[in-house]
Amino acid sequence: TNTGGGYAINANGVNEAVVGNSGISDVTSGDVIIKSSSGSSGGVSINQGTGAIEIYAPITTTAGRSVNVTNRTATSSVVFPKKISDSGAGINITGNSSGSTFSFTGGLTLSTGGNNAFNVAGGGSDLTRGGTVTVTQNGTTIVNTITTTSGSALNVSYTNIGASGLTFRSISSGAGSNVGISLVSTGTAGGLTVTGLDGGDVGTDPDLGSGGTITGKTGSDGAPNAGYGVYLNNTSFVSLHGM
């Protein structure tokens with residue numbers, strides 16, 4: 001439990017590590033639980049290194065970032081098989097090498113207010129790809145949602161979306177010059193799916209708004225870093241349901 005500065009777990013230059021017991025199937029519990037309730041840093045920070053890092057621990061963050069992964073090498077993988085609940089500063093994955101992989105399979109509940117919720121970006125001035133990212137859900141017990149006010153909800157740029165894709169129940173983003181959803185140069189293997197949810201009405205289509213609401217954006221047309229509800233540039237397989 002982090003109640004001050006820094007991260008609860010700070011792995012700087014660590015090549016391989018396992019946190020928690022992989023045999024505990026419940027995504028909301030584990031023999032290790034990571035929490036951050038104050039300070040500007042947060043839950044888990046991983047910087048540099050190669051090899052596999054596996055975090056079998058649910059993460060709850062009300063201050064700082066729940067996850068911050070930077071500058072991993074091309075042969076590295078980082079996996080988060082447990083639930084992440086973040087009402088702080090969101091998830092940030094930036095500056096990693098092409099060939100690195102990042103996966104979230106335990107469910108994401110991100111409600112970050114004015115902070116960006118899920119940001120994945122390639123590094124370097126040449127805008128090289130920043131590895132491959134996937135976010136999965138099973139639609140019932142493992143569900144992914146994003147809600148922001150003036151922060152960007154989802155940004156993936158110069159990073160491949162893996163074949164299993166990015167799947168969310170809902171994505172919502174409020175008024176401001178922030179972009180709700182931005183996908184730029186994400187490859188051709190997978191894409192973004194917002195599933196929404198079919199309620200009690202007759203039919204099987206997701207109910208209006210069950211996939212989230214993006215509203216009140218301001219900014220000049222043609223500026224990809226401001227003002228768009230949804231910005232798509234050189235991306236594939238985008239399905240937005242119930243939005």
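Which residue is the bridge partner of Thr193 in strand 22? In this predicted model, the partner is Ser239. Strand 20, which covers residues 192–194, pairs with strand 22 in the parallel sense, and two bridges join them.

This pairing belongs to an open sheet of eight strands, arranged in the order 2-5-8-11-14-17-20-22 with parallel pairing. The edges of the sheet are taken by strand 2 (17–19) and strand 22 (239–240); each has a single partner strand, so one side of each is left without a neighbour in the sheet. In general, strands of a sheet pair through backbone hydrogen bonds, in either a parallel or an antiparallel sense. Over the whole chain, 22 strands and zero helices are found.

Strand 11 spans residues 101–104 and includes Ser103. The relative accessibility of Ser103 is 18%, and Ser103 therefore counts as buried, the cut-off being under 20%. Apart from neighbours within four places in sequence, Ser103 is in contact with Val78, Val79, Phe80 and Thr134.

For the chain of 243 residues, the radius of gyration is 17 Å, which agrees with the value near 18 Å for a compact globule. The C-alpha trace spans about 45 × 45 × 35 Å along its principal axes. Buried residues make up 47% of the 243. Of the contacts between residues at least 6 apart in sequence, 78% join residues at least 24 apart. The exposed area of the chain is about 9900 Å², of which carbon and sulfur atoms supply 49%. The chain carries 8 positive and 11 negative charges, and the mean positions of the two sets are 8 Å apart.

Terms used
Residues numbered from 1 in each chain as written. Predicted model: local features only at pLDDT ≥ 70, side-chain atom pairs only at ≥ 80, totals over all residues. Heavy atoms only, no water. Pairing = 2+ DSSP bridges. Helix = DSSP H or I, 4+ residues; strand = E, 2+ residues; numbered from the N terminus. Buried < 20%, exposed > 50% of the residue type's maximum accessible area, 1.4 Å probe, protein only. Contact = heavy atoms within 4.5 Å. Rg over C-alpha atoms; globule rule 2.2 N^0.38 Å. Areas by Shrake-Rupley, 256 points an atom, 1.4 Å probe, with all protein chains shown as cover. Lys, Arg positive; Asp, Glu negative; His and termini not counted. Charge placed at Lys NZ, Arg CZ, Asp CG, Glu CD.
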